[in-house]
Amino acid sequence: MLFRSFLAAISIAFNLLSSSVAHKDPNYNASQLVESQTVESPYPYDFPVLQNGSLADSGWFPMPLCHGFRLEEATIDQLQRELSSGRLTSVQLALCYLQRVYQADGYIRAIMEINPDFLEIAQALDRERAKGRVRGPLHGIPFLVKDNIGTKDKMETTAGSWMLLGSVIPRDAHVVHLLRESGALLMGHATLSEWADMRSNLYSEGYSARGDQCRSPYNLTTNPGGSSSGSAAAVAANIITFALGTETDGSVINPAERNALVGIKPTVGLTSRAGVIPESHNQDTVGCLARTVRDATYCLDGIYGQDPRDNFTLVQQAPAGGFAQFLANKEALKGAVFGLPWLSFWQLAPQNQQDQLVELVDLIESAGATIVNGTELPHWQTIISPNFWNWDYGTTRGYSNESEYTYVKTDFYNDITKYLTELNNTVIKSLEDIVQYNIDNVGSEGGIPNIHPAFQSGQDGFNASLATGGIMDETYWQALSFCHRTTREEGIDAALYNNGTQLTALLVPPDVGQTYQIAAQAGYPMITLPAGVSSETGMPFGLALMGTAWSERTLVRYASAIEDLQASSGTKYKRTAPLWLDYRSKNIPVNNV
């Protein structure tokens, strides 16, 4: 699929050229043509240099300059300056990113499919710019969407499963439509954990039948974070500027923090889910992954807003003029009051992470913020698993009427049926059809346990959803009510209102999955920032800000202030470049460390 799209893209690129070298140079001969097709200097751009000694397991994937511009780690503002000056066009920018795809993506499998029309779109955006029309900060900026976010074009929207290949969606997802209107350039779809992790409870994170195993450029043997794995890996590896992901419980925050990225998981209802392959209407949200807070905020500004196809968006509380107006520098930290829910979350982090994160918290305090320790969620001993992320923790304790999984698996039965009814050109019309396809194609889709190495538990998530029949019974409503109450007014809100002292936000270690799990149940926002790297695995981890409903403006303000402090202070606790550890490894399942 990628190769076919690549050929189409190259054909378009050829047609965009005013004339070939052969037309320009009367002395051009066949010998020159043959010689131009071979690579005499393959290092360091076309092939990774084989390292030795202590670096023997590391890869090196430097990016060549893009028409004299350093594209690696470039921000949206920097790109806009090049585009506005005429030193770079969107066509050139897109082709440089395509070169990066072919340089690096064979190792990390972040790209599901390249948009065969992306160069034509880039050319049209360049023409608009030449005529003085610039739609906004995203004009001409390439991005990816997770493969469960619908794009009504020549690309497939499949959630990583072969069974939806060839299906035709009715319209763009609303967030895609908004980004197209903003002038952003859709480069393609990103890989993901198949069906956004709903299908199985014991699986290889980042794997899908259609997309293969996505890997983090930091350590290719290790869990890359998910389920928006490809979105994160692509941005981290500088294959793209920013990407959209989706989250039901951790699927934006987790891959962002495990790839040294900024991840914005919005309040449920700030971004429309219409046109997104669903999991649970109570918790699904579309978010942004980028290398800086500003870039992620530009992305958020491009996708939020009301949508009549998603009733949750009709009650949203969003500022006029977007969220970029709240971006700040480190001076904003003076007077801020942050809480540390130590017993609730921090004590669950590995000691090495605690040590590094506490140093960063101390730096934030030295910049003028007040840090209040012990700002606990009142029911933390009941609702937070002491061992690991567990979305069926209520049932583990013996109370299915207090479990997130009770309503999520029921929601999925109903929500996926509704989604499938709008698809054309497919025989997959129900969860029953999905389950049967995975059984009939067990070799590729692993519908039976212990057959496929990526799906060790088969499709137990689908089977659990199937068993509910979509019936929203008393247990369903009790579980939903319990999770909302203990994570909202008697949870995050109570922790923020610390015995009468209103906190700015909670600071939490998002590598502890229970952090984003509580925010997911509440439907509340989080933003994660790059903060450190594990000395054992080379994998990054983050520091996250957690707030109440519709508090994105506050989280953007203080996340950007902390990022500015990281940049200006010289601290090592910030985003670092990938090391491509074990870049030749192809283990499935990936290591869950």
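Buried means under 20% relative accessible area, exposed means over 50%, and partly exposed lies in between, with a 1.4 Å probe and only protein chains counted. The model is predicted, so that local features need pLDDT of at least 70 and side-chain atom pairs count only at pLDDT 80 or more, while totals for chains, interfaces and linings use all residues. Residues are numbered from 1 along each chain as its sequence is written, and side-chain values use heavy atoms, with hydrogens and water left out.

**Exercise 1. Locate Ser-182, classify its exposure and find the backbone oxygen that its side chain reaches.**

Step 1. Helices (H or I, at least four residues) and strands (E, at least two) are DSSP runs numbered from the N terminus, and Ser-182 lies in the loop between helix H7 (174-181) and strand S3 (185-190).

Step 2. Ser-182 has a relative accessible area of 15%, and therefore counts as buried.

Step 3. The side chain of Ser-182 reaches the backbone oxygen of Leu-179 at 2.7 Å; a polar contact is a pair of N or O atoms within 3.5 Å, where within protein one atom must be able to donate a hydrogen and the other to accept it, and residues adjacent in sequence count only if both atoms are side-chain atoms.

Step 4. Helix H7 also holds Val-175, which is buried with a relative accessible area of 0%. The C-alpha atoms of Val-175 and Gly-275 are separated by 8.5 Å, although the two residues are 100 residues apart along the chain.

**Exercise 2. Describe the salt bridges of Arg-109, Asp-117 and Asp-147, and state which parts of the chain each pair links.**

Step 1. A salt bridge is a side-chain nitrogen of Lys or Arg within 4 Å of a carboxyl oxygen of Asp or Glu, and by this rule the count comes to 19 salt bridges.

Step 2. One of them pairs the side chains of Arg-109 and Asp-212 at 3.9 Å, N to O. Arg-109 lies in the loop between helix H5 (90-108) and strand S1 (111-114) and Asp-212 in strand S5, so the pair ties together parts that are 103 residues apart in sequence. Arg-109 is partly exposed at 37%, and Asp-212 is partly exposed at 30% relative accessible area.

Step 3. The side chains of Asp-117 and Lys-154 meet in a salt bridge at 3.1 Å, N to O. Because Asp-117 lies in the loop between S1 and helix H6 (118-130) and Lys-154 in the loop between strand S2 (142-146) and H7, this pair ties together parts that are 37 residues apart in sequence. Asp-117 counts as buried at 15% relative accessibility, whereas Lys-154 is exposed at 56%.

Step 4. Asp-147 forms a salt bridge with Arg-210, with the closest N and O atoms 3.5 Å apart. This pair links distant parts of the chain, with Asp-147 in the loop between S2 and H7 and Arg-210 in the loop between S4 and S5, 63 residues apart. Both Asp-147 and Arg-210 are buried, and salt bridges that share partners join Glu-113, Asp-147 and Arg-210 into one network.

**Exercise 3. Examine the backbone at Trp-195, Asn-499 and the cis peptide bonds that involve Ser-227 and Pro-589.**

Step 1. As a point of reference, most residues other than glycine have a negative phi, and most peptide bonds are trans.

Step 2. Trp-195, in the loop between S3 and strand S4 (207-208), has a positive phi near 55 degrees, and Trp-195 is buried with a relative accessible area of 3%.

Step 3. Asn-499 has a positive phi of about 50 degrees although it is not a glycine. Asn-499 is found in the loop between strand S11 (497-498) and strand S12 (501-502), and is exposed with a relative accessible area of 78%.

Step 4. Gly-226 and Ser-227 are joined by a cis peptide bond with omega about 15 degrees, and Ser-227 is found in the loop between strand S5 (212-213) and helix H8 (229-236).

Step 5. A cis peptide bond also joins Ile-588 and Pro-589, with omega about 5 degrees, and Pro-589 is found in the segment after helix H20 (552-569).

**Exercise 4. Assess how far helix H10 is covered, and identify the residue that follows the helix.**

Step 1. Helix H10 (residues 293-303) is mostly covered, since nine of its eleven residues are buried; among them are Val-293, Tyr-298, Leu-300 and Ile-303.

Step 2. Gly-305 follows H10 and has a positive phi near 140 degrees.
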